[in-house]
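Me: Hi! Could you walk me through how some helices pack in this protein? I'm new to this, so plain words please.

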Amino acid sequence: MSSSGESYPPSRFSTLPPSSADDDLALPGEAHSFSTSRSRRVIAVGGGRGGVGKATLAVNLGVYFAQLGRDVIIIDTDAYSPGLHAALGIEAPPLVTREDIEEGKAEPIATTVPGLRLVPTAYDPMTATPLRPSRAAYWMKMIQELDVDYVIVSLGAATGSSTLDLFLHADVGICVTTPEPLAVEHSYRFCRALYQRTLRRALMKERFKVRLVEKVAASLPALATPRDFIMEVKRFDEGVASLAAAQLPRVTPHLVVSQTRHRSDLELGPAMSAVSQRFLGISLDYLGHIEHDDAVWLTARRRQPLLIDSPTSKSARNLERVARRILALLAARDSRPAEAHARALAAAAKGAAPATLYEALGLARTAADDEIRRAYKRQREIYREGSLPVVSVLSPAVLQKEQARIEEAHDTLLDPVRRRAYDLSTYPDDPRTPLGPARAENAAAAELAMLQAELAREINAETQFSGALLRKVRESQGVELTDISQRTKISLAHLQAIENESMGDLPASVYVQGFIQEIAKYLRLDPAQVAKTYMRRLREISAGTRAKQHG
């Protein structure tokens, strides 16, 4: 592996002999652990190239958790481009050197946000001691000794060994990308590098096996995936291939797509997740998107966190949802750790090629014709020429093969006779039993489960409905505002105004009441109760506004 400033090549799997730094660290989830009696959680933000919004995400996650009353520390480990102090309005952070970290002198400093502290890194190559690849061990030692609820580790854009180790040892590691080819390529490159690093740690005391792995890696063509690598290793040594395959479920990065502008950008995250699982064999769990918003750079110029300076902006709401999904994901892992690991192993064991035409379109066997058409359209968009989700992953030949597979699935499954014949040949034991893909245990599913549990306690005959509660009900059902707009014909602007309780953007009360009833029906709520309590709330808000104006 390389030192901190180097990057791994995207097309080959280089597993170099272990360095002295390798002996300081254990495999993820083994000897080293970040857990304490306080149930500290470590969240690492990295991956991707510079400028995609990693620092913004790291800072505002810290703010969100601190606003929940938690004790939070953000660690800026990006030695070559530190900047979190500026995002938090800190003018001159103290210099933190390697010696400070080794000797335990890197003390967190207070910020203007109650409950949030920062460990800055102000590395100056002209005066400070040069950094070593093994510095991850010192950061980990420091993290283990922190008595806090959450530690947010900002890693920067590097893919060196220390960066990868910190990412792999976190409870949740987040890769940030943007809807552009270079950023997507860097994200996939980071996923490959994570796998390389994990495999290297597993083989660090097996010199002869390392040489075999290097030989195989050198023989692979461009765009080789971890699964390509494993299949090639299997030709020489099945034991090493089995060990290499066992490392795939250890690599579980999460994805945030930043700076989204168009509706098509919102599909990038789920598409990248599908492509990564399908071809790399790496589960890239999608956490959410952050819209392109002038509020982001305006707050950056004012040297304030977005959730403090502009908490009602679109991007702030996106960040809050990402944070909620992280909390839900951590809660789900705490309750079902063994089952989640078993599912990861099962997913890693599957072959790269889809077993059925249904899986080629991402469908269950019970899918109706309209579902098949929608899935076909979605898959065609993902695997078209020049598509962002397949950048640096699929060669032209593989892309053409996948396109042909999608066309075959479409033509076969929409023809009743051919579909029946296909089901009989594919499921000879019981062709009538509907089978569908197992539900993925990801952040979105965990968030839905958490919201549904909360709403089961909140909603009763006495519940007073607000815009925020309606949004929570909608999100708990996985429904987007555009879905409600298409069904009810209520404009998207009015739906947003209802959830935000923006009085100035709402029409006359008689229309609002009708809109609320239609929304309640769509969300399977009591229309009378929702309309009555929401309209009462609007009247109270209006009366309070008038009182302030005349006060």
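Me: Which residues in α7 meet Phe229, Glu232 and Val233 in α8?
Reply: They are Val213, Val216, Ala217 and Ser219. Here, contact means heavy atoms within 4.5 Å. Helices (H or I, at least four residues) and strands (E, at least two) are DSSP runs, numbered from the N terminus.

Me: And what classes does that contact of α7 with α8 have?
Reply: By class there are five nonpolar, one polar and one charged residues. Ala, Val, Leu, Ile, Met, Phe, Trp, Tyr, Cys and Pro count as nonpolar, Asp, Glu, Lys and Arg as charged, and the others, Gly among them, as polar.

Me: Is this a predicted model, and how are things counted?
Reply: This is a predicted model, where local features need pLDDT of at least 70, side-chain atom pairs count only at pLDDT 80 or more, and totals for chains, interfaces and linings use all residues. Residues are numbered from 1 along each chain as its sequence is written, and side-chain values use heavy atoms, with hydrogens and water left out.

Me: Back to the pair. At what angle do the axes of α7 and α8 cross?
Reply: Roughly 120°, and the axes of α7 (residues 207-219) and α8 (residues 226-234) come within 10 Å. Axes are lines fitted to C-alpha atoms, for helices over the stretch in contact, and angles run from 0 to 180 degrees between N-to-C directions. α7 and α8 are therefore oblique to each other (under 35 degrees is roughly parallel, over 145 roughly antiparallel, 65 to 115 roughly perpendicular, and the rest oblique).

Me: What about α23 and α24, how do their axes cross?
Reply: The axes of α23 (residues 509-522) and α24 (residues 527-550) come within 8 Å and cross at roughly 140°, so this pair is oblique too. Residues of α23 including Val512 and Ile516 meet residues of α24, among them Tyr534 and Leu538. That contact has nine nonpolar, three polar and one charged residues.

Me: New topic: how many helices and strands does the protein chain have?
Reply: 24 helices and eight strands. Of its 551 residues, 49% are buried (under 20% relative accessible area, with a 1.4 Å probe and protein chains only).

Me: Where does pLDDT stay under 50?
Reply: One such stretch is residues 23-33, for which the model has 27 contacts beyond four places in sequence. pLDDT is the predictor's confidence in each residue, from 0 to 100. Where it is low, the predicted coordinates should not be read in detail. The protein chain averages 82, and 81% of the residues score at least 70.

Notes: Buried means under 20% relative accessible area, exposed over 50%, partly exposed in between (1.4 Å probe, protein chains only).
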